[in-house]
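The following exercises concern the fold, the core and selected residues of one protein model. Each task is followed by a solution in steps.

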Amino acid sequence: MFRVICIAAWLLVTGSAGAAAPPAWTTTLSAEHPLAGRIWSSDASAFVPVATLVQALSAADLAYLGEKHDNPDHHRLQAWLLDQLAAAGKRPGIVFEMIGEDRQGIVDAQLAENPD
């Protein structure tokens, strides 16, 4: 049975013991929104700390991470989550659906420099 965790776009959260803190949020857009910096768990029907998210992603067979495509903070948070999964022994596969063919050389160069 696959456990699927879908995350539309989560915002900066405070780190907790046992998990490195996510990267700093750099934009001020909607930073004052009451949901900014919170992670909602549909399983718990409650807001959860970042360590709970990392633990759930580490236990999942499949996870979809989404973002607003032009938000660099979302991209940094996704990279941080992938680092957390790798540190937990996962080997996440990554799909980039918005990279144009003209950028393929950059992707190939990164993969050649960082094969692991």
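**Exercise 1. Fold and overall composition**

Determine the order of the secondary structure elements along the sequence of this predicted model, and characterise its burial and contacts.

*Solution.*
1. Along the sequence, the elements follow the pattern β-β-β-α-β-α-α.
2. The total is accordingly three helices and four strands.
3. The protein has 116 residues, of which 22% are buried.
4. Among contacts with a separation of 6 or more, 70% are made by residues 24 or more positions apart.
5. The exposed surface comes to about 8300 Å², and carbon and sulfur atoms supply 57% of this area.

**Exercise 2. The nonpolar core**

Identify the residues of the largest nonpolar core and the elements that give two or more residues to this core.

*Solution.*
1. In soluble globular proteins, nonpolar side chains tend to be buried together.
2. Here, the largest nonpolar core consists of nine residues: Ile39, Val48, Val50, Leu53, Val54, Leu57, Trp80, Leu81 and Leu85.
3. Two elements give two or more residues each to this core, namely helix H1 (50–59) and helix H2 (72–87).
4. The most is given by H1, with four residues.

**Exercise 3. Geometry and orientation of H2**

Compare the expected span of H2 with the distance between its end C-alpha atoms, and establish how its buried residues are arranged about the axis.

*Solution.*
1. H2 has 16 residues, so at 1.5 Å a residue it should span 22 Å. The expected span is 1.5 Å times one less than the number of residues.
2. The end C-alpha atoms of H2 are 23 Å apart, which agrees with the expectation.
3. The buried residues of H2 are Asp73, His74, Leu77, Gln78, Trp80, Leu81, Gln84 and Leu85.
4. Viewed down the helix axis, these buried residues of H2 fall within an arc of 160 degrees, and therefore line one face of the helix.
5. An α-helix has 3.6 residues a turn, so residues three or four places apart point the same way.
6. The packing partners of the buried residues of H2 are H1 and strand E4 (62–65).
7. On the face of H2 turned away from the buried side are the exposed residues Asp83 and Ala87.
8. At the start of H2, a side-chain oxygen of Asn71 comes to within 2.8 Å of the backbone nitrogen of Asp73.
9. After H2 comes Gly89, with a positive phi near 95 degrees.

**Exercise 4. Three residues and their surroundings**

Which residues are in contact with Val54, Ser41 and Arg76, leaving aside neighbours within four places in sequence?

*Solution.*
1. Val54 belongs to helix H1. Its relative accessibility is 11%, so Val54 counts as buried.
2. The contacts of Val54 beyond four places in sequence are Trp80, Leu81 and Gln84. Val54 and Leu82 are 28 residues apart in sequence, with a C-alpha to C-alpha distance of 9.6 Å.
3. Ser41 is part of strand E2 (residues 39–41). A relative accessible area of 15% makes Ser41 buried, since the limit is under 20%.
4. Beyond four places in sequence, Ser41 touches Ala46 and Val48. A polar atom of the Ser41 side chain also lies 3.3 Å from the backbone nitrogen of Asp43.
5. Arg76 is a residue of helix H2. With 34% relative accessibility, Arg76 counts as partly exposed.
6. Arg76 touches Pro23, Ala24 and Thr26, again with residues up to four places away set aside. The C-alpha atoms of Arg76 and Trp25 are 8.9 Å apart, although the two residues are separated by 51 positions along the chain.

**Exercise 5. Positive phi outside glycine**

Locate Ser30 and Ser45, and state the phi value of Ser30 and of Ser45.

*Solution.*
1. Most residues other than glycine have a negative phi.
2. Ser30 is not a glycine, yet its phi is positive, about 60 degrees. Ser30 is found in the loop between strand E1 (4–7) and E2.
3. With a relative accessible area of 40%, Ser30 is partly exposed.
4. Ser45, also a residue other than glycine, has a positive phi near 50 degrees. Ser45 lies in the loop between E2 and strand E3 (46–48).
5. The relative accessible area of Ser45 is 53%, and Ser45 is therefore exposed.

Note on methods
Residues are numbered from 1 along each chain as its sequence is written. This is a predicted model: local features need pLDDT of at least 70, side-chain atom pairs count only at pLDDT 80 or more; totals for chains, interfaces and linings use all residues. Side-chain values use heavy atoms; hydrogens and water are left out. A nonpolar core is a set of buried Ala, Val, Leu, Ile, Met, Phe, Trp, Tyr and Cys residues joined through side-chain atoms within 4.5 Å. Buried means under 20% relative accessible area, exposed over 50%, partly exposed in between (1.4 Å probe, protein chains only). The arc is that of the directions from the helix axis to the C-beta atoms. Contact means heavy atoms within 4.5 Å. A polar contact is a pair of N or O atoms within 3.5 Å; within protein, one must be able to donate a hydrogen and the other to accept it, and residues adjacent in sequence count only if both atoms are side-chain atoms. Accessible areas come from the Shrake-Rupley method with a 1.4 Å probe; for residues, only the protein chains shown count as cover.
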